[in-house]
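Visitor: Could you take me through one part of this model closely, namely the sheet and what packs on it? Before that, please tell me what a search for disulfides gives.

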Amino acid sequence: MPGAFPARERVRKRSEYLHVQANARRVVTPHFVLLLAVPVAGRAGSVPSQPPCARLGVTVSRRVGNAVIRNRAKRLVREAFRATRDLWRPDLDVVVIVRQALTDLTCLDVVQEWRRAARAIEQRSRDACRTRPGE
């Protein structure tokens, strides 16, 4: 299914979120904080027969708005992540923290915001891969 977001492409466990937050390189944009980190060795959900892919986690606090607004923000982030696969290294976990309500933004706006930050994303991705945890 083209719109599916399988479990192997998501950061799912609290321990994985904590690992990303502790070891991440940050990219800050007007509406988001992007945390980029190398996953723990032997990450859960990795299938040896399939190539690795970047995994996404989304965090939206109650400060952003009510449940309807938070869920819309998560849907926008997931769709933008699918549309910008070329920005994310396959060996990274990406956690997106939504900083403010995205009520006036469309998916295209989110994609453009991330594309404007592409240089910083690439640099931080390289930094994250250079300094793997436990080395």
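Guide: A search of the whole structure, which is a predicted model, finds 0 disulfides. As for individual cysteines, Cys-107 is partly exposed, with a relative accessible area of 23%, whereas Cys-129 has a relative accessibility of 12% and counts as buried, because the cut-off for buried is under 20%.

Turning to the sheet, 4 strands make it up, and they lie in the order β1-β2-β4-β3, forming an open sheet with mixed pairing. The edges are held by β1, residues 25-28, and β3, residues 55-60; each of these has a single partner strand, so one side of each is left without a neighbour in the sheet. On average, and with direction ignored, neighbouring strands of this sheet are turned by 20 degrees against each other.

At the β3 edge, the pairing with β4, which spans residues 93-98, runs in the parallel sense and extends over 6 bridges. Within this pairing, Arg-55 has Asp-93 of β4 as its bridge partner.

Two helices that pack on the sheet complete the picture. Helix α2, residues 67-83, touches β2 (32-37), β3 and β4 as it packs on the sheet, and its direction makes about 155 degrees with that of β3. Helix α4, residues 118-130, also packs on the sheet, but its contacts there are with β1 and β2, and the direction of α4 makes about 170 degrees with that of β1. Strand β2 is thus touched by α2 and by α4.

Terms used:
Residues are numbered from 1 along each chain as its sequence is written. This is a predicted model: local features need pLDDT of at least 70, side-chain atom pairs count only at pLDDT 80 or more; totals for chains, interfaces and linings use all residues. Side-chain values use heavy atoms; hydrogens and water are left out. A disulfide is a pair of cysteine sulfur atoms within 2.5 Å. Buried means under 20% relative accessible area, exposed over 50%, partly exposed in between (1.4 Å probe, protein chains only). Two strands pair if DSSP finds at least two bridges between them. Axes are lines fitted to C-alpha atoms, for helices over the stretch in contact, and angles run from 0 to 180 degrees between N-to-C directions. Contact means heavy atoms within 4.5 Å.
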